[in-house]
Amino acid sequence: GSAPPNVLSGSDATPSRVLARMADATEIEIHAHGITDPTLSGASLVVLSPEVNGRYALTADVVREHRLTGAPTVFLAACSAGRTTALQSTEPFSLPAAFIDSGARAVLASTVDIPDAAGRFFDGVRRRIHSGVPAAIALRDERQAWLSRDARAGWTRSVLLVENAE
């Protein structure tokens, strides 16, 4: 079976601790507030708990400095973590691209603020991936299932997949 998830929450979830745990993880899920900070040239970042030195942001630049040796699938279940000032998620400063550059196999992120139900949506996609379905198909099939059940699930169209081209 799979190992139990290694959860960091509250004040334990500092950028350095999160980065250390991500190093050899095969799956990473981040539930946090993603914000776009105009002072950081439109960089998308995830707000975590502050370090002793006050640093709290997990930015694309920081992610890019670390190797993800487990080739993880990354779920950015954060409000707006996928959104950058340009609507192009392949922009070099965007978080999804940074995870790919660091060695992630695939990144799923939302480009709009997503509802609380998003956790269940990501879970469904993850279950499909675990059963051996490619990430792109898993995302498509789960989205179809949600849209066929509930017309208000249009937000699922804003969940995008960035995959490692290698």
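## R126 and its surroundings

Setting aside residues up to four places away in sequence, R126 touches E27, E29 and F75. This is a predicted model, and R126 sits in its helix α4. Is R126 buried or exposed? With a relative accessible area of 14%, R126 is buried, because the cut-off for that label is under 20%.

Two further contacts fill in the picture. The side chains of R126 and D123 are joined by a polar contact of 2.2 Å. R126 also lies over the face of F75, 5.1 Å from the centre of the ring.

## The aromatic pairs

F75 brings us to the rings. A pair of aromatic rings is described by the distance of the centres and the angle of the planes. With centres required to lie within 6.5 Å, the count comes to five aromatic pairs. For F75 and F122, the ring centres are 6.0 Å apart and the planes meet at 85°, so this pair is edge-to-face. The pair connects distant parts of the chain: F75 belongs to strand β5 (residues 73–76) and F122 to helix α4 (residues 118–130), 47 residues apart. Both F75 and F122 are buried.

How are the rings of F121 and F122 arranged, and what are their distance and angle? Their centres lie 6.2 Å apart with planes at 70°, so this pair is edge-to-face as well. F121 is buried, at a relative accessible area of 0%, and F122 also counts as buried, at 0% relative accessibility. Ring pairs link F75, F121, F122, W146 and W155 into a cluster.

## The sheet

Strand β5, home of F75, is part of an open sheet of four strands, ordered β1-β5-β6-β7 with mixed pairing. Why do β1 and β7 each have one side without a neighbour in the sheet? β1 (27–30) and β7 (159–163) stand at the edges and each has a single partner strand, so one side of each is left free of a neighbour in the sheet. From one strand to the next, the twist averages 15°.

Strand β6 (residues 106–110) pairs with β7 in the antiparallel sense, over five bridges. Here V107 stands opposite V162 in β7.

## Helix α4 on the sheet

Which strands does α4 touch as it packs on the sheet? The helix touches β1, β5, β6 and β7, and its direction makes about 170° with that of β5. Helix α4 carries R126, whose contacts include F75, and it also holds F122, the edge-to-face partner of F75.

Conventions: Residues are numbered from 1 along each chain as its sequence is written. This is a predicted model: local features need pLDDT of at least 70, side-chain atom pairs count only at pLDDT 80 or more; totals for chains, interfaces and linings use all residues. Side-chain values use heavy atoms; hydrogens and water are left out. Rings of Phe, Tyr and Trp (its six-membered ring) pair if their centres lie within 6.5 Å; planes under 30 degrees apart count as stacked, over 60 as edge-to-face and the rest as tilted. Helices (H or I, at least four residues) and strands (E, at least two) are DSSP runs, numbered from the N terminus. Buried means under 20% relative accessible area, exposed over 50%, partly exposed in between (1.4 Å probe, protein chains only). A charge sits over a ring if NZ of Lys or CZ of Arg is within 6 Å of the ring centre and within 35 degrees of the ring normal. Two strands pair if DSSP finds at least two bridges between them. Axes are lines fitted to C-alpha atoms, for helices over the stretch in contact, and angles run from 0 to 180 degrees between N-to-C directions. Contact means heavy atoms within 4.5 Å. A polar contact is a pair of N or O atoms within 3.5 Å; within protein, one must be able to donate a hydrogen and the other to accept it, and residues adjacent in sequence count only if both atoms are side-chain atoms.
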